[in-house]
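Trainee: I should like to learn how to read a protein model feature by feature. May we go through one together?

Mentor: Certainly; let us look at the model and begin.

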Amino acid sequence: MIMVQKHLTIREAKKILRDLNDELDLELTNKKITLYKTQPQSVKLKDIIVDSSHASFDKFSHYVIKNEELDTKIIALLQSINSYEALIIKRIRSIALANKDEAKVIILREDEKYASDHNGKPRTWELISELTGFSVRQAKRIFADFLNS
C-alpha cells in the first residue's frame with residue numbers, strides 16, 4: 001500500500017500558523033486568568049459568610065497544578081508555530097531560487113489576498129496562464145514541481 005502525502009502550500013501553512021497563534025493567545029489568556037485568581041483581593045461579603053458545605057480550597061496550589069498543564073500546551077504550540085514558520089521560509093526560499101518566470105506562477109497561485117477576496121479560491125490556471133505567458137499545462141507542471149521540491 002502506497003501512502004500519498006499531501007504537501008502544504010504556503011497559503012495553507014499560513015492559515016494553520018494563524019490558527020496556532022490564535023490558540024496560543026487563548027492559552028496565554030487562560031494562564032493570566034488563573035494567575036489573577038490567586039492574587040490577593042479585597043474582602044467580599046460572600047467570603048465572610050461561613051459556609052460549611054465547601055472544603056478548604058488552596059487557590060495557589062490549584063494555580064500551580066493548572067499552570068503546568070497550560071505550560072505544556074503553550075510549549076507544544078510554540079514548537080508547532082516554529083515548525084510552520086520554518087516550512088514557510090523554506091518554501092519562500094525555494095521560490096526565490098527558482099527561475100523568475102516560474103516564481104511568478106507560484107506567487108500568483110499562492111496569493112492570499114486574491115484568495116481572500118474570492119471566497120478562499122486561488123487564481124484559476126487560465127488566469128495564471130494569461131498573466132505569465134505559460135500554457136495552463138506548463139503552469140500546473142511548474143506548480144507541481146514546486147510542491148514536490
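Trainee: How many Å² does the protein expose, and what percentage do carbon and sulfur atoms supply?

Mentor: Accessible areas come from the Shrake-Rupley method with a 1.4 Å probe, and for residues only the protein chains shown count as cover. Here the protein exposes about 11300 Å², and carbon and sulfur atoms supply 57% of that area. Please note that this is a predicted model, in which local features need pLDDT of at least 70 and side-chain atom pairs count only at pLDDT 80 or more, while totals for chains, interfaces and linings use all residues. Residues are numbered from 1 along each chain as its sequence is written, and side-chain values use heavy atoms, with hydrogens and water left out.

Trainee: How many helices and strands does the protein have?

Mentor: Both are DSSP runs numbered from the N terminus: helices are H or I with at least four residues, and strands are E with at least two. This protein has seven helices and zero strands.

Trainee: What percentage of the residues is buried?

Mentor: Buried means under 20% relative accessible area, exposed over 50%, and partly exposed in between (1.4 Å probe, protein chains only). Of the 149 residues in the protein, 23% are buried.

Trainee: Which residues of helix H6 are buried?

Mentor: In H6 (residues 125-132) they are Trp125, Ile128 and Ser129. They cover an arc of only 105° around the axis, so they lie on the same side of H6; the arc is that of the directions from the helix axis to the C-beta atoms. Their cover includes helix H4 (100-109) and helix H7 (136-148), where cover rests on contact, meaning heavy atoms within 4.5 Å.

Trainee: How is a pair of aromatic rings described?

Mentor: It is described by the distance of the centres and the angle of the planes. Rings of Phe, Tyr and Trp (its six-membered ring) pair if their centres lie within 6.5 Å; planes under 30 degrees apart count as stacked, over 60 as edge-to-face and the rest as tilted. The structure holds one aromatic pair. Tryptophan 125 and phenylalanine 143 form this edge-to-face pair, at 5.6 Å centre to centre and 65° between the planes. Because tryptophan 125 lies in helix H6 and phenylalanine 143 in helix H7, the pair ties together parts that are 18 residues apart in sequence.

Trainee: Are these two residues buried or exposed?

Mentor: Tryptophan 125 counts as buried at 14% relative accessibility, and phenylalanine 143 counts as buried at 8%.
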